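I opened this notebook to keep a record of what I looked up in one structure. The entries are kept in the order in which I took up each topic.

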Amino acid sequence: MATLEGGLLGSDPGALSPAQLEQLRNFKIQTRIANEKYLRTHKEVDLLISGFFREMFLQRPDNIREFAAEYFTDPRLHNKIHRQLIKEKKEA
C-alpha cells in the first residue's frame, strides 16, 4: 500500500474479498438511500447549506473557515431558517 501526501494510505485493491466488496457496495447503496430519505424529510438541512453557499459566493470571504464558523454560530440563524420553512410551506 502506497503512502500518499500527508501520510495517508492509498487504496489496496486486493485487501477485500469479492464477497466483502459486494457487502461494502450494498452498504454504500443503503447508506446513500438512508441519507437521501433523511435529507428529504429535513428541509432545514437544505436551507442551511444552500444559504451558506449563497452567502459565501456573494461575500467571497478570504477565510472560509472563519466565515463558516460565524455563519453557523449566528444566533439569528435558527429564526432565519424557521421563517424560510414557514414561507415555503405557505407557497406549497
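The entries below go through the helices, the core, the aromatic rings and a few single residues.

**Entry 1. Status of the model.** I note at the outset that this is a predicted model.

**Entry 2. Helix 2.** I began with the length of helix 2. At 1.5 Å a residue, its 17 residues should span 24 Å, and the C-alpha atoms at its ends are 24 Å apart, so the expected and the computed span agree. I then asked which residues of helix 2 are buried. They are Leu47, Gly51, Phe52, Glu55 and Met56. These residues lie on the same side of helix 2, because the arc they cover around the axis is only 155°. I recalled the general rule here: an α-helix has 3.6 residues a turn, so residues three or four places apart point the same way. As to partners, the buried residues of helix 2 pack against helix 3 and helix 4.

**Entry 3. Helix 3.** Helix 3 runs over residues 64–73, and I find Phe67, Ala68 and Tyr71 buried in it. Their arc around the axis is only 100°, which puts them on the same side of helix 3. On the other side of helix 3 I find Arg65 and Thr73, both exposed. I looked up what covers the buried residues of helix 3; the cover includes helix 2 (43–59) and helix 4 (77–91). I also inspected the N-terminal end of helix 3. Asn63 caps this end, with a side-chain oxygen 3.2 Å from the backbone nitrogen of Arg65.

**Entry 4. The nonpolar core.** I asked which residues form the largest nonpolar core. It has eight residues: Leu47, Phe52, Met56, Phe67, Ala68, Tyr71, Leu77 and Ile81. Helix 2, helix 3 and helix 4 are the elements that give two or more residues to this core. I set beside this the general tendency that, in soluble globular proteins, nonpolar side chains are buried together. Within the core I followed Tyr71 in particular. Leaving aside its neighbours within four places in sequence, Tyr71 is in contact with Leu48, Gly51, Phe52, Glu55 and Leu77.

**Entry 5. Aromatic rings.** I find seven aromatic pairs in the structure. In one of them, Phe53 and Phe57, the ring centres are 6.1 Å apart and the planes stand at 25°, so this pair is stacked. Both residues belong to helix 2, and being four residues apart there, Phe53 and Phe57 are separated by about one helical turn. I checked whether they are buried. Phe53 counts as partly exposed, at 38% relative accessibility, and Phe57 likewise counts as partly exposed, at 47%. I then traced the ring pairs further: they link Phe52, Phe53, Phe57, Phe67, Tyr71 and Phe72 into a cluster.

**Entry 6. Arg60.** I asked where Arg60 is found. It is in the loop between helix 2 and helix 3. Its phi is positive, about 45°, although Arg60 is not a glycine. I noted for reference that most residues other than glycine have a negative phi. Arg60 is exposed, with a relative accessible area of 60%.

**Entry 7. Helix 4.** I took up two residues of this helix. Gln84 has its place in helix 4 and counts as partly exposed, at 22% relative accessibility. As the limit for buried is under 20%, I do not enter Gln84 as buried. Leaving aside its neighbours within four places in sequence, Gln84 is in contact with Leu47 and Arg54. I also took its distance to Arg65: the two lie 19 residues apart along the chain, and their C-alpha atoms are separated by 25 Å. The second residue, Lys89, is likewise found in helix 4. At 66% relative accessibility, Lys89 counts as exposed. Lys89 and Glu44 are 45 residues apart in sequence and 12 Å apart in space, C-alpha to C-alpha.

**Entry 8. Helix 1.** I closed with Arg40, which is found in helix 1 (residues 18–41). I asked whether Arg40 is buried or exposed. Arg40 is exposed, with a relative accessible area of 66%. Its side chain makes a polar contact with the side chain of Glu36, at 2.8 Å.

Methods: Residues are numbered from 1 along each chain as its sequence is written. This is a predicted model: local features need pLDDT of at least 70, side-chain atom pairs count only at pLDDT 80 or more; totals for chains, interfaces and linings use all residues. Side-chain values use heavy atoms; hydrogens and water are left out. Buried means under 20% relative accessible area, exposed over 50%, partly exposed in between (1.4 Å probe, protein chains only). The arc is that of the directions from the helix axis to the C-beta atoms. Contact means heavy atoms within 4.5 Å. A polar contact is a pair of N or O atoms within 3.5 Å; within protein, one must be able to donate a hydrogen and the other to accept it, and residues adjacent in sequence count only if both atoms are side-chain atoms. The expected span of a helix is 1.5 Å times one less than its number of residues. Rings of Phe, Tyr and Trp (its six-membered ring) pair if their centres lie within 6.5 Å; planes under 30 degrees apart count as stacked, over 60 as edge-to-face and the rest as tilted. A nonpolar core is a set of buried Ala, Val, Leu, Ile, Met, Phe, Trp, Tyr and Cys residues joined through side-chain atoms within 4.5 Å.
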